[in-house]
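Colleague: Please put the model up, and then I will ask about its strands and helices.

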Amino acid sequence: MSGLQGLMEGRVVLVTGAGAGVGRGVSAAFGSAGAIVGIGVRRPEAAEETAADVAAAGGTPVILRCDVTDAGQSAAAIAQLVSDYGRLDAVVHNAVSGRSSEATDFENTTLEEWEDHASVTVRATWRLAVQAYPHLQKTQGAYLLMSSPAGIEGSERAPFYSAVKAAQRGFVRALAREWGPDHIRVNSVAPLAISPALENMKILEPERVKRIEGLVPLGRLGDPETDIGPPSVFLCSDEARYVTGQTLVVSGGRFTSL
Amino acid sequence: MATSSRTLVITTGSGIGASVAERLRDRGDVVIEADPSLDLADAHAVSGALGSLVGSETVDRVVLAAIDPAAFRAAPITSLSEEEWDQAAEYPMRAAFVVLQQVHTVIADGGCVVLILPTVATTGVADLVPLCSAVEAIRVMAKAVARRWGARSITVNTIEVELAAFMLGDDVEGDAGGVGVPVVPVLGQPALPPGSAVDDVLGLLDMLAMPAAAAITGALLVADRGTVMQP
């Protein structure tokens, strides 16, 4: 993606949940922009493809064990990037619960299911911010959260996922004001994109995917690297130096009333 | 305007929720009020309490103000411990889930659920990151629930009031149980003259209980006298 070339040259970025889907695509986009990309994953062996994408795009991949529900792992991942490359310019928190694509039976489920979502999307959002703060303060960097349209519209089948993604929007608005004096920008992207779950659905239920695509004015689901990646890079780059506290809905026009 | 419905009010015993409960009772509504000391994030306790309070009959209306104003504390996120973050941000979210889940078993078909929240998350407020996160999560959880319960003709809506009104209710000279109201930067002046936020909320509660409002669900009604006019 030549349009991103140089936007993040020499900048250091940590992307969580970077092993697949949007995280993988966004990592590759940061690679295209010339960044050193910390590929945060629970299992390092699952990051090889992302690392190859980042390298092929022109970036420098760094595979990091980073289960965001483990405070020690996220702290160590940030510390390693800062130790090895001397700086941290952006954190992109993209990881979600492994149950995020499951339907939630709200009336019959338990707090354990809530905890699965909250630990990754709410608590880790706060903890990563606290851990990254001194480094982002030095670079006047950016914190970007991967939220979701579900966190705005409230999904019938995913009330927990919707709630935790909404929490991120409230977090973004408040923290943007709190960190504004430090010149750290805080934003979120709400993407509609092909995910591993949707890839499976394409094979198993192609008609359902066609129905979903039919709801998108641009007629297709977003590509993680080429559709979601560029706006994510932009929001972390100097080009967005005056943008903070915002949620950018990147959905091909699927959601126009959010 | 008193209504003949049975209203279940769930509050933490102070702030606007408590004031609304008192006013409803004063004007002759049938009000069932949960014990303010109830741990709202304890599913077993909430289930037992609502079961014994409501009995074999259902309620027609539920008013839920589940965030404890006395727990608000303005502080930068970097100063919070895990426990403080949990209490300020995640506990209210868990409580909202537990209460809404249990409400589902006691509310009649065609009933209305109204959540009352502060407006802070609409604009975001520095040093109130946990509260802003909780409010936005609860508001969207309510929208998801509105979609789920629509088939039973149950409406679920949210009313938001300014933070001071949320924390103090009718006790406008109070100090919110010694906590004090965090200073919220002035982001706009109210378009309307000052008035009672409790009155404003009561008016909206009555409106939402009317048959004419049966088509309103998943909505956010901001009763802040035109301070934050959403884009």
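**Strand pairing and helix packing**

Modeller: In β4(B), Val62(B) has Val113(B) as its bridge partner. This is a predicted model in which local features need pLDDT of at least 70 and side-chain atom pairs count only at pLDDT 80 or more, while totals for chains, interfaces and linings use all residues. Side-chain values use heavy atoms, without hydrogens and water, residues are numbered from 1 along each chain as its sequence is written, and chains are lettered from A and ligands numbered from 1 in the order in which they are written.

Colleague: How many bridges join strand β3 to strand β4 of chain B?

Modeller: Helices (H or I, at least four residues) and strands (E, at least two) are DSSP runs, numbered from the N terminus. Two strands pair if DSSP finds at least two bridges between them. Strand β3 (residues 59-65) and strand β4 (residues 107-118) of chain B run parallel, and the number of bridges joining them is five.

Colleague: Which are the edge strands of the sheet in chain B?

Modeller: The sheet is open, has six strands with parallel pairing, and follows the order β2-β1-β3-β4-β5-β6. An edge strand pairs on one side only, and in chain B these are β2 (30-33) and β6 (220-222).

Colleague: At what angle do α1 and α2 of chain A pack?

Modeller: Axes are lines fitted to C-alpha atoms, for helices over the stretch in contact (heavy atoms within 4.5 Å), and angles run from 0 to 180 degrees between N-to-C directions. Helix α1 (residues 21-32) and helix α2 (residues 48-57) of chain A have axes 7 Å apart and pack at an angle of about 25°.
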